[in-house]
Amino acid sequence: MDELRILVPNGMLGYGFPIEDFKRGMARKPHAIVVDAGSTDSGPQKLALGEMTCPEAAYEKELSILVPAAKKAGIPLIISSAGGDGTNQHVDLFVEIIEKIAKTQALNLKIASIYSDIPKEQIKHALQAGNVKPMTNVSELTNEEIDQAAVVTAQMGAEPYLALLKDEAGFPDVIIGGRSYDPAPTAAVGIYYGFDPALAWHMGKIIECGAICCVPAGKTVLGTLRKDHFLIEPMNPHSKALPHTVAAHTMYEKSSPTHLPGPGGALVLKDCKFEAETERIARVSGSVFVPTEEYQIKLEGAKVVGYRSITVMGLRDPILISQLDDVLDYVQKQTETELPDECQQSQIIFHPYGKNAIMKNLEALSDEVGHELCVIAEVASPTQEMAQLVVNRIRTTLLHYHYPNRVATSGNVGMPFTPLEIPLGKVCQFNVYHLMTITDPTAQFPVIVKEVN
């Protein structure tokens, strides 16, 4: 094989994609369709509460297009990190969705499921043996935290996918992977067909996000892997993959631009070249993959730590805005004075949007603020009732506080929503975010293959 073509419909299953761009990609006769479905970007609640990144209907809508397209073309459809968190629960749900599609569209399918949940006892044994290490800025793991996690899953590498592709009975029509290192499925396909693992891993790093690396950013992208380089091409004919935008995406979400660690090794990109193959296709070469002596997987676990409530308030008075920091400081102290027991058990955070709410003290821009601001007061407490009480007191205190030079005799803020105090439910926290050394990266992740007729 001179080249391997992998089509990615979008950077996140469930986010939608232009059907015409997907058809253009399929016309190029790809050897596989790969799409990622997971991330920790949206927080720990998926793991702790069993929720998904997108509604089930969004997944079903897109899989109803992807599954028959892959089946008709005779190529595998590979989905990673099912449901967002990649837990066994969501892998099984994806199997149910695809079985429903098979029945509705009269398809005969071989479906493979790869499971990534890690037994807690295994983690405890590894911890005792010194085979669990924290990620950067993460506390040492304890048995108590392991027990408190609702579920612990782990990022798999390419090996479980590769084992399925090598199956003597032929590769499955659909592979549904649990929590995965994002480039792993693409790397597995590339390695299976005999291409340079470094280029396969690097191409996977780029295309797992779809056509985000292109200008304008899009969704559907085709990655073409060759002997000594790979190509990135958006399927939107009006979009371009430029050398500098593809290079920038290589550094996306990474702590180092030249050293990208993952399960089993790291990409080393010191001698990597980003060039223009055509005016809209980028060419990448020079990637190197360096295996590690120990095989480590990243564990992910989350727990419920309380309940959250917010209130959303609009500010328009320039006198108030000019002294907002002092006013919010007063409001918090006054609330703590009136509700000492509740505040001692709670966390209060103000988000003054329009005045450094995002970067806070790291903001390097001007301190100038606009003529109107939105302040969101957030309270996390042991119970929802307590969070509601505290956030109510914050709102009413700010609403009627007679700050210096105040002219208004009515309320100081406007509330766009009712209820005025909005209960957001459970607050979750990542409490397992560690590396665990394992010996067999294939056996660690169980597989079930089933025929759907």
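1. Let's start with what a pocket is here: an open set of grid points where a 1.4 Å probe fits, with protein on both sides within 12 Å along at least five of seven lines. Keep in mind, too, that this is a predicted model. With that settled, the largest pocket holds about 1,300 Å³ of space. It has 46 lining residues, and Gln-155, Tyr-181, Glu-253, Lys-254 and Lys-298 are the closest to its centre.

2. Which strands help build that lining? At least two residues each come from strand E10 (259–262), strand E11 (265–268), strand E15 (295–315) and strand E18 (422–438). As for the chemistry of the lining, you'll find 16 nonpolar residues, 18 polar ones and twelve charged ones.

3. Now look at the second largest pocket, with about 230 Å³ of space. Its lining includes Asp-325, Leu-328, Asp-329 and Gln-332, along with Ile-349, Phe-350 and Pro-352. Two elements give two or more residues to this lining: helix H12 (324–338) and strand E16 (347–353). H12 gives the most, with four residues. By type, the lining splits into four nonpolar, two polar and four charged residues.

4. On to the sheets. Strands of a sheet pair through backbone hydrogen bonds, and they can run parallel or antiparallel. One open sheet here has ten strands with mixed pairing, and you can trace it in the order E12-E13-E9-E8-E1-E2-E3-E7-E4-E19. At its edges sit strand E12 (273–276) and strand E19 (447–452), each pairing on one side only. From one strand to the next, the twist averages 20°.

5. For a closer look at one pair in that sheet, try strand E8 (residues 221–225) and strand E9 (residues 230–234), which are antiparallel and share five bridges. Within this pair, Val-221 has Pro-234 of E9 as its bridge partner.

6. What packs on this sheet? Helix H4 (residues 88–105) does, touching strand E3 (77–80), strand E4 (109–114), strand E7 (174–177) and E19. The direction of H4 makes about 170° with that of E4.

7. There is also an open sheet of three strands, in the order E10-E11-E14, with antiparallel pairing. Its edge strands are E10 and strand E14 (288–291), each with pairing on one side only. Ignoring direction, neighbouring strands of this sheet are turned by 25° against each other on average. E11 and E14 pair over four bridges, and you can spot Leu-267 opposite Phe-289 in E14. Remember E10 and E11 from point 2: each supplies at least two residues to the lining of the largest pocket.

Methods
Residues numbered from 1 in each chain as written. Predicted model: local features only at pLDDT ≥ 70, side-chain atom pairs only at ≥ 80, totals over all residues. Heavy atoms only, no water. 1 Å grid on protein atoms, 1.4 Å probe; cavity = no way out; pocket = protein on both sides within 12 Å on 5 of 7 lines; lining within 4 Å. Points joined across faces, edges and corners; volume = space filled by probe spheres on them. Nonpolar A, V, L, I, M, F, W, Y, C, P; charged D, E, K, R; others polar. Pairing = 2+ DSSP bridges. Axes fitted to C-alpha atoms, helices over the stretch in contact; angles between N-to-C directions. Contact = heavy atoms within 4.5 Å.
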